[in-house]
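Dear colleague,

I am passing a structure on to you with this message, and my notes on it follow below. Please read them with the coordinates open beside you.

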Amino acid sequence: MSEYRLKIPRQAEAVVNAFHKVEDTVAGAYKKVEGAVVGGCKAVEKKFVDAFLEKADGGGQK
């Protein structure tokens, strides 16, 4: 198979740079969504624990 090379390297570089910008934007958006979801789950967990559970003192009740 013969070797290939790009005819217009500047355009290829622009495409790669655009791809990296899109990649950074998508990763940033994902991190924001992930943070919101995890924060929401932790808030629900805390409210559940506060409402229905109490810390065991180790003595036990009879």
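**Notes on the model**

Both D50 and K46 are exposed, and I begin with these two residues, bearing in mind throughout that the model is a predicted one. Their side chains meet in a salt bridge, with a distance of 3.0 Å from N to O, and a search of the whole structure finds one such salt bridge. D50 and K46 are separated by about one helical turn, because they stand four residues apart in helix α1, which covers residues 9-52. As background to that spacing, an α-helix has 3.6 residues a turn, so residues three or four places apart point the same way.

The overall architecture is quickly told, since the protein has one helix and zero strands. Helix α1 has 44 residues and reaches 64 Å from its first C-alpha to its last, which is close to the 64 Å expected at 1.5 Å a residue. This helix is hardly covered, and the count of buried residues among its 44 residues is zero. For the protein as a whole, 0% of the 62 residues count as buried, and the accessible surface comes to about 6600 Å², of which 62% belongs to carbon and sulfur atoms.

Which residues make the nonpolar surface patch? The patch is formed by F48, V49, F52 and L53, and its area is about 420 Å². Among these residues, V49 is found in helix α1 and has a relative accessible area of 34%, so V49 ranks as partly exposed. F48, with a relative accessible area of 45%, is likewise partly exposed, whereas F52 reaches 62% and is therefore exposed.

Two members of the patch, F48 and F52, also appear in the search for aromatic contacts. The count of aromatic pairs comes to one, and in that pair the rings of F48 and F52 have their centres 5.1 Å apart and their planes at 45°, so the pair is tilted. The label follows from the angle because planes under 30 degrees apart would count as stacked and those over 60 as edge-to-face. F48 and F52 are four residues apart in helix α1, and therefore about one helical turn separates them.

To draw the side-chain findings together, helix α1 holds the salt-bridged residues D50 and K46 as well as the aromatic residues F48 and F52, and V49 is found in this helix too.

With kind regards

Conventions
Residues numbered from 1 in each chain as written. Predicted model: local features only at pLDDT ≥ 70, side-chain atom pairs only at ≥ 80, totals over all residues. Heavy atoms only, no water. Salt bridge = Lys/Arg side-chain N within 4 Å of Asp/Glu carboxyl O. Helix = DSSP H or I, 4+ residues; strand = E, 2+ residues; numbered from the N terminus. Buried < 20%, exposed > 50% of the residue type's maximum accessible area, 1.4 Å probe, protein only. Patch = residues over 30% accessible without salt bridge, like charges linked within 9 Å, V, L, I, M, F, W, Y side chains within 5 Å. Areas by Shrake-Rupley, 256 points an atom, 1.4 Å probe, with all protein chains shown as cover. Phe/Tyr/Trp six-rings, centres within 6.5 Å; stacked < 30°, edge-to-face > 60°. Expected span 1.5 Å × (residues − 1).
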